[in-house]
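Reader: I would like a close look at a single part of this model, followed by an account of what surrounds it. Please keep to what can be read from the coordinates.

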Amino acid sequence: MRRALALAARGRGSTRPNPLVGAVIARGGRVVAEGFHRRAGAPHAEVNALVRLRPGAARGATLYVNLEPCCHTGRTGPCTEAILAAGIGRVVVGMRDPNPLVDGRGVARLRRAGVRVDVGCLEAESLALNRAFAIWVRERRPLVTLKAAASLDGFIAPAKIARPRKRRAPVWITGPEARRVAHELRAAHDAVLVGSGTVLVDDPHLTVRLPDATCAPTRVVLDGRLRTPTKAHVLAGGAPTLIFTRRGASPARVRALRAAGAEVVELAAARGHLPIAAVLRALAARDIQSVLVEGGAAVHGAFIAAGLVDDVALFIAPRLLGGGVPLAAGLGRALAEGLALGPISARAVGGDLLLTGQATPEP
């Protein structure tokens, strides 16, 4: 199963909206074939493993797969039927498929046909691998990771650069090692999201700048007043850009931003504040299963206030600013209603500290 999980991870970034799945076929304790799902519309992992064997060679063998085999016809046929046709004698499953079209039905189909099915092998690891997919199919929204780089006293920028400036050199709170890990986080998500204030102050590209990068996450800007300049780096080529604004925004600005290459989405906004839940639903409708929220303070505060944070990745620099732009801003939540985080992991990244954790479900 560990091998199946490793194979599944090879499809990261290319299988969306499908989950990550790997499959291993073994006989007598020896691996005889393996495969993984490479991209949406292509054969699934089980089929990719089965086709590597000559006809009849899979009969009585054991199939290890990190996700329950599908039992419905979508862009490809049901994997359960391919498994039965091959004569597999036992199937070991990491986790049930959270997709309501499958969820338990694939296991039941195989068992009815006389195949031994064991569910739950390395279940925690299987759940972690496809956590974003599970949230997407169950809640119709992407998994949300809130990411920030802050000083030890909780500021993400000094006060003197809190206002937009036309030209200035980048000011980094963290070191180069932390910035590389931040780009790895971008590469692991389907979208990167910021507010218009961050665009105006930092003019970020929001791209993945790694030597071996092959992915281009969608760039998302929350811009209720359509302040994004048409020459902003976030509108440059290399990745699609979505700008969310309030319904009734300036038609001329909408046309200009669309001409600059952005997709502009208008949402009903109470008192000018874009509804975070509606933004996430719109992203999910575009098959975006994970989003990295990079700020700034008002955007962080809006996601926290909405209770729509699943993971946190906080880079802490060993320095004190004594004031400036806080990590999050807004009305916030009462202390008793603050988002609780599960066990926090800490690791050194160069001279900085990376804290990560998952939000625990609210009672």
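Which residue forms a salt bridge with Asp190, and how far apart are the closest N and O atoms?

Author: The model is a predicted one. In it, the salt-bridge partner of Asp190 is Arg16, and the closest N and O atoms of the two are 3.3 Å apart. Arg16 sits in the loop between α1 and β1, and Asp190 in the loop between α7 (176-187) and β8, so the pair ties together parts that are 174 residues apart in sequence. Asp190 has a relative accessible area of 16%, under the 20% limit, and is therefore buried. Arg16, at 34%, is partly exposed.

Take the Arg16 side. Helix α1 covers residues 2-9 and packs on a sheet, where α1 touches β1, β2 and β3. The direction of α1 makes about 145° with that of β1. The sheet in question is open and has 5 strands in the order β2-β1-β3-β4-β5, with mixed pairing. Its edges are β2 (30-36) and β5 (116-119); each has a single partner strand, so one side of each is left without a neighbour in the sheet. From one strand to the next, the twist averages 20°. Within this sheet, β1 (residues 22-27) runs antiparallel to β3 (residues 62-67), and 4 bridges join the two. One pairing can be named: Ala23 has Val65 in β3 as its bridge partner.

On the Asp190 side, β8 (191-195) is one of the strands that helix α11 (residues 297-306) lies across, together with β6, β9 (218-222) and β12. Helix α11 runs at about 135° to β6. These strands belong to an open sheet of 9 strands, again with mixed pairing, in the order β11-β10-β9-β8-β12-β6-β13-β16-β15. The edge strands, β11 (263-267) and β15 (345-349), each pair on one side only. The twist here averages 20° from one strand to the next. Helix α6 (residues 131-139) also packs on this sheet, touching β6 (143-151), β12 (290-293), β13 (311-317) and β16, and its direction makes about 125° with that of β6. At one end of the strand order, β15 pairs with β16 (residues 352-358) in the antiparallel sense over 5 bridges, with Ala348 opposite Leu353 in β16.

The nonpolar interior can be described next. The largest nonpolar core has 29 residues, and Leu193, Leu222, Phe244, Leu280, Leu283 and Phe303 are those with the most contacts inside it. Helix α10 (residues 276-285) supplies the largest share, 6 residues. Leaving aside residues up to four places away in sequence, the contacts of Leu193 include Val220, Leu222, Val291, Val299 and Phe303. Another core lies apart from this one; it has 24 residues, among them Ala61, Ile88, Val91 and Val117.

The pair of Asp190 and Arg16 can finally be set beside other charged pairs. The whole structure holds 13 salt bridges. In one of them Arg141 meets Glu139, at 2.9 Å from N to O. Arg141 is buried, with 10% relative accessibility, whereas Glu139 is partly exposed at 46%. Salt bridges that share partners also join Arg90, Arg116 and Asp118 into one network. Within that network, the closest N and O atoms of Arg116 and Asp118 are 3.1 Å apart. Arg116 is partly exposed at 49% relative accessibility, and Asp118 is partly exposed at 25%.

Key
Residues numbered from 1 in each chain as written. Predicted model: local features only at pLDDT ≥ 70, side-chain atom pairs only at ≥ 80, totals over all residues. Heavy atoms only, no water. Pairing = 2+ DSSP bridges. Axes fitted to C-alpha atoms, helices over the stretch in contact; angles between N-to-C directions. Contact = heavy atoms within 4.5 Å. Core = buried A, V, L, I, M, F, W, Y, C linked by side-chain atoms within 4.5 Å. Buried < 20%, exposed > 50% of the residue type's maximum accessible area, 1.4 Å probe, protein only. Salt bridge = Lys/Arg side-chain N within 4 Å of Asp/Glu carboxyl O.
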